[in-house]
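Hi,

Here is the structure I promised to pass on. Have a look at it first, and then read my notes underneath.

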Amino acid sequence: MAKLWISSAVLVVHTVLLGSSQALWCNCTTAQCEKTGSQCETDGACMASTSFIDGQEQHIRICITRDKLVPPGQPFYCLGAEGLLNIHCCYTDFCNSIDLKVPSVTSPSGLEGGYGPGGTWGLVELVAVIAGPLFLLCLLLLVGVFLYQYHQRAYNHRQRLEVEDPSCDHLYPAKDRTLQDLIYDLSTSGSGSGLPLFVQRTVARTIVLQEIIGKGRFGEVWRGRWRGGDVAVKIFSSREERSWFREAEIYQTIMLRHENILGFIAADNKDNGTWTQLWLVSDYHEHGSLFDYLNRYSVTTEGMIKLALSAASGLAHLHMEILGTQGKPGIAHRDLKSKNILVKKNCTCAIADLGLAVRHDSATDTIDIAPNQRVGTKRYMAPEVLDETINMRHFDSFKCADIYALGLVYWEIARRCNSGGIHEEYQLPFYELVPSDPSIEEMRKVVCDQKLRPNIPNWWQSYEALRVMGKIMRECWYANGAARLTALRIKKTLSLLSIQEDIKV
Ligand SMILES: Nc1ncnc2c1ncn2[C@@H]1O[C@H](COP(=O)(O)OP(=O)(O)OP(=O)(O)O)[C@@H](O)[C@H]1O
Ligand SMILES: [Mg+2]
């Protein structure tokens, strides 16, 4: 590069000098110069070059007239050309008498790495070599930018289409709409299976988590805020993706919504780059689970019947198959317990945690997943689940196992019922017979071998409500699943009881 600048400077100086039309004598090897003693006179420059002609090295010396010294500073004549291996222009008398050295490495085309008047690359080639890759790079960049913008525009367009689709317009969460509005739209829209996925995502991503309210097998439960209202957010660990997916799937079963089943709002899987956060958003119930509630409070007869009847209504709806295009399959819960039932503000129950549930396809008499033998909470497992005699091909078997667990939940509620000023402390079923986290074997011995069930005190017979509750429990706990009551039968019995007791439910 430095060489290029120096040569250019020299040429500029000489061009200026030549501007005064000073004549210059040079050595000349052409035939015309033989007459003038191998000399020539010029107003431009002397040039020497070396070339191979027929494999012979030839030294050429000529005069270059001033009008050929263009462009100034880098005259074409003084640059390399094909065949001429090395070129030298100079501006003093006979300065071209030197013998130029032949470059040591030559390419077949005569091109060699080198720049400027002494190099063998022409200006055009130089420009091509430098500008070519630059041009290609720019072109690639332009194509990249264009493709990115096109992709973005297509994505935005898709998003807009989803949001602006008039058929969904009424479901998009406009700024002034509350969750209740959305859910109301949902229940009257006829779809009956949940909010559209993009609305679920929008809702989930605008929730502000407030505090942790519980921890379960699959992760944590948080209280969150959405547009001034409370929501519950169950956050699954990424390992539990299948449980998250399954629970969201069950909650979105067509026509599942019921006042005694936990109201599902949204499922969202948010990838934060390192791991995937799996959210399940539902109604928030400040009393927490029935287990929490019974630990904290005793209940009146009215309170007991309201809890029991609402739990039976929820389970009856879950178990029931509704026929028709907007129908609902029968669903068995498989993990019913006081921790999986929530207590609403009006002291009625909402059945939650549907992650282990199975759905029945009555047309083919099949169950929607391959059910594994023993799932759920060991303490609440029916005898046929504990000893693995349950007939898993028969969907009703799972419903019967739910009824057994419901009987245990009723026992937990009834113990806390204040009748005649007496109520018992809260206890888990079988609290006096098995340790805190019993094994299957420990439960099997008690429930199947010894055929033991929670104690129903004699004094319950003195109070109609407790007497009825005690009778229901016994009929939920038969060793033979098929002999147990159905959820619908329990619901009817408790409805009658609530009328007798003059309870408004
Ligand atoms: N929608 C809700 N509103 C209010 N509290 C809730 C809600 N869902 C769950 N909780 C609270 O969070 C606790 C943890 O719930 P989670 O279902 O994760 O675990 P669990 O039921 O205690 O145990 P398991 O993992 O065996 O189901 C519940 O016991 C309850 O106190
Ligand atoms: Mg639970």
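Below is what I found, going through the sheets, the helices and the metal site in turn.

One thing to keep in mind throughout: this is a predicted model.

**The five-stranded sheet**

Let's start with the open sheet of 5 strands, which has the order β6-β7-β8-β10-β9 and antiparallel pairing. At its edges you'll find β6 (208–215) and β9 (264–271), each pairing on one side only. From one strand to the next the twist averages 30°. If you want a spot to zoom in on, try β8 (residues 229–236) and β10 (residues 276–283): these strands run antiparallel and are joined by 6 bridges. There, F236 stands opposite L278 in β10.

Two helices go with this sheet. Helix α6 (residues 241–251) packs on it and touches β8, β9 and β10, with a direction that makes about 30° with that of β10. Helix α5 (residues 197–205) lies across β7 (219–226), β9 and β10, and runs at about 75° to β9.

Which residues of α6 are buried? They are S243, W244, R246, E247, A248, I250 and Y251, so the list has charged residues such as R246 and E247 in it as well. These buried residues pack against β8, β9 and β10, and also against β13 (349–351) and β14.

**The three-stranded sheet**

β14 brings us to the other sheet, an open one in which 3 strands follow the order β11-β14-β15, again with antiparallel pairing. β11 (331–332) and β15 (366–367) are at the edges with a single partner strand each, so one side of each has no neighbour in the sheet. The antiparallel pairing of β11 with β14 (residues 358–361) runs over 2 bridges, and A332 is placed opposite V358 in β14.

**The magnesium site**

Which protein atoms serve as donors to the magnesium ion (ligand 2)? They are N340 (OD1) and D353 (OD), at 2.0 to 2.5 Å from the ion. The two come from distant parts of the chain, 13 residues apart: N340 is in the loop between β11 and β12 (341–343), while D353 is in the loop between β13 and β14. Are they buried or exposed? N340 has a relative accessible area of 5%, which is under 20%, so it counts as buried. D353 has a relative accessible area of 23%, so it falls in the partly exposed class.

**The other helices**

Helix α12 (residues 464–476) has 13 residues and reaches 18 Å from its first C-alpha to its last, close to the 18 Å expected at 1.5 Å a residue. Its buried residues include A465, L466, V468, M469 and G470, and further along I472, M473, E475 and C476 are buried too. Among the elements that cover them are α8 (301–319), α10 (395–415) and α13 (487–500).

α10 itself is mostly covered, with 19 of its 21 residues buried. From first C-alpha to last, α10 reaches 32 Å, close to the 30 Å expected at 1.5 Å a residue.

**A UniProt annotation**

Finally, an unreviewed UniProt entry places a "transmembrane region" at residues 126–150. In the model, that span is 100% helix and 0% strand, and its end C-alpha atoms lie 36 Å apart.

Cheers

Terms used:
Residues are numbered from 1 along each chain as its sequence is written. Chains are lettered from A and ligands numbered from 1 in the order in which they are written. This is a predicted model: local features need pLDDT of at least 70, side-chain atom pairs count only at pLDDT 80 or more; totals for chains, interfaces and linings use all residues. Side-chain values use heavy atoms; hydrogens and water are left out. Two strands pair if DSSP finds at least two bridges between them. Helices (H or I, at least four residues) and strands (E, at least two) are DSSP runs, numbered from the N terminus. UniProt positions are given in the numbering used here, feature names are shortened, and annotations may be inferred rather than shown by experiment. Axes are lines fitted to C-alpha atoms, for helices over the stretch in contact, and angles run from 0 to 180 degrees between N-to-C directions. Contact means heavy atoms within 4.5 Å. The expected span of a helix is 1.5 Å times one less than its number of residues. Buried means under 20% relative accessible area, exposed over 50%, partly exposed in between (1.4 Å probe, protein chains only). Donors are N, O and S atoms within 2.8 Å of the metal (3.2 Å for Na, K and Ca); water is not among the atoms, so sites may look incomplete.
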